[in-house]
Amino acid sequence: MGSQSSPPTLEFLKEEIPVKQQPLLLSQNIKTGLVLVDLVNGFCTVGSGHLAPKEEDEGVSKMVEESVKLAKKFADNNWPIFAFLDSHHPDIPEPPYPPHCLVGSDEAKLVPDLLWLENDPNATLRSKECIDGFIGSYEKDGSNVFVDWVKSNQIKQVLVCGICTDVCVLDFTCSILSARNRGFLSPLENVIVASQACSTYDLPLHVAKASKDLVSHPQALMHHVGLYIAWGRGAQIASEVSFE
Ligand SMILES: [Zn+2]
């Protein structure tokens with residue numbers, strides 16, 4: 001991962017608020033859908049706008065690599081994939097974030113290794129103009145594209161990956177857990193976050209301190225906190241994913 005807090009801080013956090021993770025074995029027996037959150041250039045590709053890594057970022061690269069692997073496996077098995085693409089109208093800002101992923105720009109496109117999803121019959125792509133993809137899935141008539149995807153594919157379990165662990169991945173995960181608990185997402189039962197296929201942006205303390213406008217956001221710490229909160233809401237956290 002990129003520059004980050006001193007390892008003792010991360011170790012301390014991992015001891016104080018441990019994340020319970022376990023390996024996940026996927027099989028045909030339980031219908032599983034893959035949810036890719038914001039694997040777009042504007043968050044993942046070096047130099048691609050305000051919210052993309054400024055330089056090579058090991059955490060983000062690993063997240064993309066793991067997500068691509070999962071997407072290929074799901075596509076090979078003809079299992080359903082749902083991909084969110086952050087995508088904003090230039091006149092509608094998303095505070096506190098600077099302009100990013102403007103509609104029609106390269107930033108709002110899937111990363112090069114996932115562009116094939118645009119033509120994959122297993123994939124449903126959804127542009128979203130907000131942080132929480134579940135909210136972003138609502139249409140004007142009150143229907144919800146994500147709910148329809150779960151129901152039409154009879155999905156019992158979703159595996160969530162992407163960026164950012166503590167922002168878009170977390171908000172979406174929390175929303176679908178609440179929606180599931182209220183019976184809106186039947187037959188969905190399990191919500192699982194793939195920890196290695198998630199990452200978040202890195203804004204180390206020393207960088208934030210040098211500017212009055214920035215707030216620190218150390219990648220490894222915030223990734224951990226994101227997983228911890230998702231788990232606390234009822235998600236399972238997969239340490240690794242394998243296929244039967
Ligand atoms: Zn956005």
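This briefing covers an open sheet, one of its edge strands and a helix. The model is predicted, so local features need pLDDT of at least 70 and side-chain atom pairs count only at pLDDT 80 or more, while totals for chains, interfaces and linings use all residues. Residues are numbered from 1 along each chain as its sequence is written.

**The sheet**
- Seven strands (E runs in DSSP of at least two residues, numbered from the N terminus) form an open sheet in the order S1-S7-S6-S5-S2-S3-S4, with parallel pairing, where two strands pair if DSSP finds at least two bridges between them.
- S1 and strand S4 (123–128) stand at the edges with a single partner strand each, so one side of each is left without a neighbour in the sheet.
- Strand S3 (residues 81–86) pairs with S4 in the parallel sense over 6 bridges, and Asp86 has Lys128 in S4 as its bridge partner.

**Leu24 in strand S1**
- Leu24 lies in S1 (residues 21–26) and is partly exposed, with 19 other C-beta atoms within 10 Å; buried means 20 or more such atoms, exposed 12 or fewer, and partly exposed in between, with C-beta atoms placed from the backbone.
- Leaving aside residues up to four places away in sequence, Leu24 touches Ile192, Ala238 and Val241, contact meaning that C-beta atoms, placed from the backbone, lie within 7 Å.

**Helix H8**
- Helix H8 (residues 219–233) has end C-alpha atoms 21 Å apart, in agreement with the 21 Å expected for its 15 residues at 1.5 Å a residue; helices are H or I runs in DSSP of at least four residues, and the expected span is 1.5 Å times one less than the number of residues.
- The buried residues of H8 include Leu221, Met222, Leu227 and Tyr228, and their cover includes helix H1 (7–16) and strand S7 (236–243).

Notes
Contact = placed C-beta atoms within 7 Å.
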